[in-house]
Amino acid sequence: MRVAERIKHDGGGPAKAAAAPSEPPAVVPPRRRRGVNREGLEAGRRSTRTLLWVLLATAMVLYGFPFLYLLFTSFKTPIDTIAVPPTILPREWTLENYANALGRNGVLASFINSIQTAVISTLLSLVLAVPAAYGITRYKTLSGRIFIMAALVTRMVPPVAIGIPLASMMATMGLSDTPIALSIAHTTISLPLSIWLMSSFFEAVPKDLEEAATVDGCSRLGALWRVVMPVVSGGIAVTAIFAFLASWNEFLFALLMTAIRSQTTPVVIANFQTQFGLDWGSMTALAAVYSIPVILLTLLLQRRIVAGMTLGAVKG
């Protein structure tokens, strides 16, 4: 009886209790990791990024200011080029220096000699460095390691120590004052560095690619030409640019081995003199023009350079 009264008093008992809305679950706040300060990490990353940008801007100023000063000097009048104290921007802009520099006898021929010598030297360096580096990295013999160390040692030898013997050898062979002699001399400078660069690029190529090409019927030389060479094309572009620059900017061998027919532009620039001293305006004008082919070559091969620099960053 008491149970029935209690059910009646509650107005339906269990049915009403089941119909009553349940309370929402309590929201538990996420636990914060002990010892990790996200705001501090973000602030540290921002400061590191700012420091890197400052260092990059400083490096750009240090590297770019000499060239900008040379470029501004090429537009100065003869009086402004020797003014004391010197000024960065010309007081009066003029193109007279470019007209004088490009109008001198032998300047156009020196440009042709420089291009011819640099191209031959670059091709010789690549033709010799690619198989040498490939053999060293793939066979890994003791003689190969000794060879690459010897190549590095020869790169450390100052050019002045071998310049006179090379000039004497070229004169004995009848190659004096020829682009071929100068190209061979420049190859002695660029070849050790080219071997080292190509060795690092070949090391990044997995051997599985060559084994798969061998299974498909390729010989060792066929696998190198059809499989490996396209993979390291970016590295070849990087090596070619370094070899080209080594020949393009070289002065000592060009001074020792050329007279009139094969003079390169650096030697011609050094001969810009007047009765009052050096013709700084014409020298800087010709130097600015001489830097254009290198800048264009770098821009043309920029994509392959980046690919060569990142080769081997992700393996497997």
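## Contacts and packing in a predicted model

Leaving out neighbours within four places in sequence, Glu92 is in contact with Phe75, Lys76, Thr77 and Asp80. The coordinates come from a predicted model. Glu92 sits in the loop between H4 and H5 and counts as exposed, with a relative accessibility of 52%. Its C-alpha atom is 7.9 Å from that of Phe75, a residue 17 places away in sequence.

As a whole, the protein has 17 helices and 2 strands. Of its 316 residues, 35% count as buried. Among contacts between residues at least 6 apart in sequence, 74% join residues at least 24 apart.

**Aromatic pairs**

The structure contains 8 aromatic pairs. One of them joins Phe72 and Trp93 in an edge-to-face arrangement, with 6.3 Å between the centres and 90° between the planes. Phe72 belongs to helix H3 (residues 38–73), while Trp93 is in the loop between helix H4 (78–81) and helix H5 (96–102), so this pair ties together parts that are 21 residues apart in sequence. Phe72 is partly exposed, with a relative accessible area of 21%; because buried means under 20%, Phe72 falls outside that class. Trp93 is exposed, at 52% relative accessible area.

Trp93 also forms an aromatic pair with Phe75, and this one is tilted: 5.6 Å centre to centre and 50° between the planes. Here too the pair links distant parts of the chain, with Phe75 in the loop between H3 and H4 and Trp93 in the loop between H4 and H5, 18 residues apart. Phe72, Phe75 and Trp93 form one aromatic cluster together with Tyr98. Phe75 thus appears both in this cluster and among the contacts of Glu92.

The two pairs that involve Trp93 are set out below.

| Pair | Arrangement | Centre to centre | Angle between planes |
|---|---|---|---|
| Phe72 and Trp93 | edge-to-face | 6.3 Å | 90° |
| Phe75 and Trp93 | tilted | 5.6 Å | 50° |

The ring of Phe272 has a charged partner: Arg104 lies over its face, at 4.2 Å from the ring centre.

**Helix packing**

Helix H8 (residues 159–172) packs with helix H9 (residues 179–203) at an angle of about 145°, and their axes are 11 Å apart. The crossing of H8 and H9 is right-handed. On the H8 side the contact involves Ile162, Leu166 and Met170, which meet Ala181, Ile184, Ala185 and Thr188 of H9. By class, the residues of this contact divide into 6 nonpolar, 1 polar and no charged. An α-helix has 3.6 residues a turn, so residues three or four places apart point the same way.

**Towards the C-terminal end**

Helix H15 (residues 280–290) is mostly covered, with 9 of its 11 residues buried. The buried residues are Gly281, Ser282, Met283, Thr284, Ala285, Leu286, Ala288, Val289 and Tyr290.

Thr298 is found in helix H16 (residues 292–300). Thr298 counts as partly exposed, with a relative accessibility of 33%. The C-alpha atoms of Thr298 and Ile241 are separated by 7.5 Å, although these residues are 57 apart along the chain.

How values were computed:
Residues are numbered from 1 along each chain as its sequence is written. This is a predicted model: local features need pLDDT of at least 70, side-chain atom pairs count only at pLDDT 80 or more; totals for chains, interfaces and linings use all residues. Side-chain values use heavy atoms; hydrogens and water are left out. Rings of Phe, Tyr and Trp (its six-membered ring) pair if their centres lie within 6.5 Å; planes under 30 degrees apart count as stacked, over 60 as edge-to-face and the rest as tilted. Helices (H or I, at least four residues) and strands (E, at least two) are DSSP runs, numbered from the N terminus. Buried means under 20% relative accessible area, exposed over 50%, partly exposed in between (1.4 Å probe, protein chains only). A charge sits over a ring if NZ of Lys or CZ of Arg is within 6 Å of the ring centre and within 35 degrees of the ring normal. Axes are lines fitted to C-alpha atoms, for helices over the stretch in contact, and angles run from 0 to 180 degrees between N-to-C directions. A crossing is left-handed if the near helix is turned anticlockwise from the far one by less than a right angle, and right-handed if clockwise. Contact means heavy atoms within 4.5 Å. Ala, Val, Leu, Ile, Met, Phe, Trp, Tyr, Cys and Pro count as nonpolar, Asp, Glu, Lys and Arg as charged, and the others, Gly among them, as polar.
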